[in-house]
Amino acid sequence: MMPDPRFFETLPPVTLGELAQVTGSELGSADLAGITVNAVSILAKAGHGSIAFLTDKKFLLDLPGPPPTACFATAALADLLPVGCVGLITRYPHAAYANTANRLHRARLHREQQAVSASARLEADVQLGPGVIIGAGAQVGRGTTIGPNTVIGPGVTIGRDCAIGSGVAIGFSLIGDRVSIHSNAVIGEPGFGAAAGPKGIVDIPQLGRVILQDGVTIGAGSTIDRGAFEDTVIGENTKLDNLVHIAHNVRIGRNCVMAAYTGISGSVTIGDGCRFGGRAGVADHLTVGDGAQVGAGAAVLQSMPPGAIWSGMPARPVRQWLRETAWVSKSAAKNRTGATHD
């Protein structure tokens, strides 16, 4: 699976010999140096012509069928690679993947002198405030309004009857109808991805998208990161308050609400109808079941079952949290009453 060509240019293929040299990896045989790859991939999306990386043997379970043409792996994991997949041995598989991604894929940028690209397509009754920039190939649906100094990146699609505020930045995104994005929100910037390399920490290119379904509201100053390779998705009619952060690869269901300062870490899956109080947080790679509720200031550190109501830090069932809080309060009061004074 290639990154979406609306947002990323695919550069010429590269040989494994060149990649071995650039990344400091080792090929098992010089006869393999002439094999070419034309895309990076995660193992779950792998296929012929792609190159992936392996840092834990559990990720081999993600292989859907045909393996990638090649894979960066540590020496300890190289023997576990499937038949037909060429191993490039390195201490830094993730960093090598990052370097390869930069070699094979390049984000499209607005390089034209005119504010609204000649190749952008705007339907009837679109209203643009002063200073709006719209990139090449972008599409804006009928009846949508875009406030002053907002930037719509190349390839972005915005549906009909949307309201985009001032100073908004939108890139690498597909946006449905009747979506409201308030001032100074940022949609589609890179998610936080970094890995150790031989010369220090390197950024991991983020090659996914943001998808906002119909009726979504994004509050002022909120940030929605594009996916690392998968998409970040916010479901139909979900409402985000001001200053909410959604990290890469997050998938949020329909009709959810999140109060201000809520933070959702990478690769979290949230079901339909969930509610989050102000300053709630969820740790990465967890699942929050349908209809779950997270209290204000709660820190969710394990997956929540459907319909659960949790609060506290770390978050736990609300009745348990209330009992424990009451016990601590009573114990503290008893200690104060029973304390001796000089």
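**Figure 1. A close-up of V257, a partly exposed residue in a predicted model.** With a relative accessibility of 36%, V257 counts as partly exposed, because the buried class ends under 20% and the exposed class begins over 50%. Everything shown here and in the views below comes from a predicted model. V257 belongs to strand 31, which covers residues 257-258. Which residues does V257 touch, once its neighbours within four places in sequence are left aside? They are K239, C274, R275 and F276. For a sense of scale, look across to L174: it lies 83 residues from V257 along the chain, and the two C-alpha atoms are separated by 21 Å.

**Figure 2. The whole protein, to help you place the close-ups.** The protein contains 3 helices and 40 strands. Its C-alpha atoms fill a box of roughly 80 × 60 × 40 Å along the principal axes. Of its 342 residues, 46% count as buried. Among contacts with a separation of 6 or more, 27% come from residues 24 or more positions apart.

**Figure 3. F7, F8 and F172 are linked into a cluster by ring pairs.** The structure has 3 aromatic pairs. In one of them, the ring centres of F7 and F172 are 5.9 Å apart and the planes meet at 55 degrees, so this pair is tilted. Which parts of the chain does the pair tie together? F7 sits in the segment before strand 1 (8-10), while F172 sits in the loop between strand 18 (169-170) and strand 19 (173-175), so the pair joins parts that are 165 residues apart in sequence. F7 has 0% relative accessibility and counts as buried. F172 is buried too, with a relative accessible area of 12%. F8 and F172 also form a tilted pair, with 5.2 Å from centre to centre and 35 degrees between the planes. F8 is in strand 1 and F172 is in the loop between strand 18 and strand 19, so this second contact ties together parts 164 residues apart in sequence. Both F8 and F172 are buried.

**Figure 4. R226 and the ring of F172.** Stay with F172 for one more view. The charged end of R226 sits over the ring of F172, at 3.8 Å from its centre.

**Figure 5. The two sides of helix 1.** Where do the buried residues of helix 1 fall, seen down its axis? Helix 1 spans residues 16-23, and L16, L19, A20 and T23 are buried in it. These buried residues fall within an arc of 100 degrees, so they line one face of the helix. Q21 and V22, on the other side of helix 1, are exposed. After the helix comes G24, which has a positive phi, near 75 degrees.

**Figure 6. An open sheet of 5 strands, with helices packed on it.** The strand order is 3-8-7-6-5, and the pairing is mixed. Strand 3 (26-27) and strand 5 (39-40) are the edge strands, each pairing on one side only. Strand 3 runs antiparallel to strand 8 (residues 86-89), and 2 bridges join them. To find this pairing, start at E26, which stands opposite I89 in strand 8. Helix 1 packs on this sheet and touches strand 3, strand 6 (50-54), strand 7 (70-73) and strand 8, with its direction at about 20 degrees to that of strand 8. Helix 2 (residues 93-104) packs on the sheet as well, touching strand 5, strand 6 and strand 7; its direction makes about 160 degrees with that of strand 6.

**Figure 7. A hairpin made by strand 22 and strand 23.** Strand 22 (residues 194-197) pairs with strand 23 (residues 200-203) in the antiparallel sense, over 4 bridges. How many residues lie between the two strands of the hairpin? There are 2 residues between them. A195 makes a handy starting point, standing opposite V202 in strand 23.

**Figure 8. An open sheet of 9 strands with parallel pairing.** To follow this sheet, trace its strands in the order 10-13-16-19-24-27-30-33-36. Strand 10 (121-122) and strand 36 (287-288) are the edge strands, and each pairs on one side only. At the strand 10 edge, 2 bridges join strand 10 to strand 13 (residues 139-140), and these two run parallel. Here R121 stands opposite Q139 in strand 13.

Note on methods
Residues are numbered from 1 along each chain as its sequence is written. This is a predicted model: local features need pLDDT of at least 70, side-chain atom pairs count only at pLDDT 80 or more; totals for chains, interfaces and linings use all residues. Side-chain values use heavy atoms; hydrogens and water are left out. Rings of Phe, Tyr and Trp (its six-membered ring) pair if their centres lie within 6.5 Å; planes under 30 degrees apart count as stacked, over 60 as edge-to-face and the rest as tilted. Buried means under 20% relative accessible area, exposed over 50%, partly exposed in between (1.4 Å probe, protein chains only). A charge sits over a ring if NZ of Lys or CZ of Arg is within 6 Å of the ring centre and within 35 degrees of the ring normal. The arc is that of the directions from the helix axis to the C-beta atoms. Two strands pair if DSSP finds at least two bridges between them. Contact means heavy atoms within 4.5 Å. Axes are lines fitted to C-alpha atoms, for helices over the stretch in contact, and angles run from 0 to 180 degrees between N-to-C directions.
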